[in-house]
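Subject: A structure for you to look through

Dear colleague,

I am passing on the structure below, and I would be glad if you kept it open while you read the notes that follow it.

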Amino acid sequence: MNKKGILVVISGFSGSGKGTITKQLLTNYPNTYALSISATTREPRPGEVDKQDYFFVSTEEFENMIQQDAFMEFAQYVNNSYGTPKEYVLGHLEKGLDVVLEIDIQGALKVKKAYPDALLLFVSPPSAKELKRRLKERGTEDASVIDSRLSRACQEAEGVEHYDYFVINDNLEECVQQVHSMIQNEHAKTARNLVLIENIRAELKSFVKGE
Ligand code: 5GP
């Protein structure tokens with residue numbers, strides 16, 4: 001049977017650890033998940049690699065991609081644009097892989113509207129205090145960017161109810177296992193198995209008829 005993949009959106013406050021969770025999920029289960037790589041106009045951080053962490057593009061290139069309808073969704077986040085290339089995601093879902101989009105809340109809501117079957121997970125540190133500590137500890141942004149990200153987190157906290165699950169990232173490995181279970185349990189939902197159920201019904205009917 002050709003099982004279709006689940007479109008999984010992982011969001012969370014900047015500094016929640018959602019990126020680490022996603023990477024670990026891919027490392028632990030490489031044949032189950034594919035990670036969507038977004039395009040962004042943001043400058044790469046030290047250590048980030050083009051086409052691996054993001055497609056780092058100019059504003060003009062980003063505009064061209066919008067014109068070509070290449071994005072599944074796109075949004076502005078703290079002075080930069082971010083977008084999810086459509087072709088890769090849809091192709092991998094067809095192949096049966098669960099495709100993970102690590103995107104912000106605006107993008108998540110757009111995806112849910114266009115693809116109501118998408119599973120939305122929101123990752124949070126155990127407390128706001130811990131979030132601030134992690135952002136400072138990361139040391140990749142200056143104080144004003146940290147402040148912008150904290151005020152953005154404040155806005156995002158208002159939209160969390162739109163997500164299917166709220167995941168607390170306290171212990172990384174436990175959190176990865178929890179996220180993996182949530183996604184894999186989703187495959188068993190009756191609503192995602194209507195074709196299979198219909199086939200079993202038809203087969204049972206033919207047995208009853210003595211065929
Ligand atoms: P960062 O600059 O820290 O890598 O990402 C900033 C925010 O943009 C994060 O919340 C991240 O999840 C989000 N983001 C990354 N890629 C996309 C995308 O393709 N679309 C949207 N809407 N948000 C994205």
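Please keep in mind that this is a predicted model. A good place to begin is strand β3 (residues 39-40), which pairs with β6 in the antiparallel sense over 2 bridges. Within that pairing, Thr 40 stands opposite Tyr 82 of β6.

Strand β6 (residues 80-85) is also joined to β5 by 6 bridges, and these two strands run antiparallel as well. If you follow the bridges between them, you will find that Phe 71 stands opposite Pro 85 in β6, while Glu 73 has Thr 84 in β6 as its bridge partner. Together β5 and β6 form a hairpin with 2 residues between them, and in the turn Val 78 has a positive phi of about 40°.

The next point is burial, where a residue is called buried if its relative accessible area is under 20%. Why can strand β5 be described as largely enclosed by the rest of the structure? The reason is that 5 of the 7 residues in this strand, which covers residues 71-77, are buried. As for β6, 6 of its 6 residues are buried, and the covering applies to both faces of the strand: Asn 80, Tyr 82 and Thr 84 are buried on one side, and Ser 81, Gly 83 and Pro 85 are buried on the other.

With best wishes

Technical notes: Residues are numbered from 1 along each chain as its sequence is written. This is a predicted model: local features need pLDDT of at least 70, side-chain atom pairs count only at pLDDT 80 or more; totals for chains, interfaces and linings use all residues. Side-chain values use heavy atoms; hydrogens and water are left out. Buried means under 20% relative accessible area, exposed over 50%, partly exposed in between (1.4 Å probe, protein chains only). Helices (H or I, at least four residues) and strands (E, at least two) are DSSP runs, numbered from the N terminus. Two strands pair if DSSP finds at least two bridges between them.
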